[in-house]
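Please explain how the aromatic rings of this protein are arranged relative to one another, and where a charged side chain joins them.

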Amino acid sequence: QVQLAESGGGLVQAGGSLRLSCAASGRTFDSYAMGWFRQAPGKEREFVAAINRGGGYTDYADSVKGRFTISRDNAKNTVVLQMNSLKPEDTAVYYCARTSGYASRWREVSLYDYWGQGTQVTVSS
């Protein structure tokens, strides 16, 4: 059983920063690409960012490009989402997830086989 656990969410003011972490169990962490998704009330789950197995290739949603940075440390089985210049529209539950899919399909929710429980991010105005 693969387990993913997000942490680092909270309440911040617009313009502030948060650092989300995702800790993965198991010994095959470096065999999979990892992604971050978010879901706000009344909205569908949407792609935020993803990173390949080795950490050398990343992709971001247009809405977060230039503000968020995804990274990973395979020695520690962790993936991080650094969020800067936060906006109220970033408010959502943030999930990390695992995929073996190609980068061209990273934005497809159905290609992720394991998900964390989510962590709440609230950005006040």
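The paragraphs below go through the ring pairs, their surroundings and the charge beside them.

The model is a predicted one, and its aromatic side chains form 6 aromatic pairs when ring centres within 6.5 Å are taken as paired. In one of these, tyrosine 57 and tryptophan 106 have their centres 5.7 Å apart with 50 degrees between the planes, a tilted arrangement. Tyrosine 57 belongs to the loop between strand E5 (46–51) and strand E6 (58–60), whereas tryptophan 106 belongs to the loop between strand E9 (92–99) and strand E10 (112–115), so this contact ties together parts that are 49 residues apart in sequence. The two partners also differ in their surroundings, since tyrosine 57 is partly exposed at 45% relative accessibility, while tryptophan 106 is buried at 3%.

A second pair joins tyrosine 95 and tryptophan 115, whose ring centres are 6.4 Å apart; the planes meet at 80 degrees, and because an angle over 60 counts as edge-to-face, the pair is assigned to that class. Tyrosine 95 lies in strand E9 and tryptophan 115 in strand E10, so the pair ties together parts that are 20 residues apart in sequence. Of these two residues, tyrosine 95 is buried, with a relative accessible area of 13%, and tryptophan 115 is partly exposed at 26%.

Both residues belong to a cluster linked by ring pairs, which comprises Phe37, Phe47, Tyr95, Tyr112 and Trp115. Arginine 45 accompanies this group: its charged end sits over the ring of tyrosine 95, 3.9 Å from the centre, and arginine 45 also lies over the face of tryptophan 115, at 4.8 Å from the ring centre.

How values were computed. Residues are numbered from 1 along each chain as its sequence is written. This is a predicted model: local features need pLDDT of at least 70, side-chain atom pairs count only at pLDDT 80 or more; totals for chains, interfaces and linings use all residues. Side-chain values use heavy atoms; hydrogens and water are left out. Rings of Phe, Tyr and Trp (its six-membered ring) pair if their centres lie within 6.5 Å; planes under 30 degrees apart count as stacked, over 60 as edge-to-face and the rest as tilted. Helices (H or I, at least four residues) and strands (E, at least two) are DSSP runs, numbered from the N terminus. Buried means under 20% relative accessible area, exposed over 50%, partly exposed in between (1.4 Å probe, protein chains only). A charge sits over a ring if NZ of Lys or CZ of Arg is within 6 Å of the ring centre and within 35 degrees of the ring normal.
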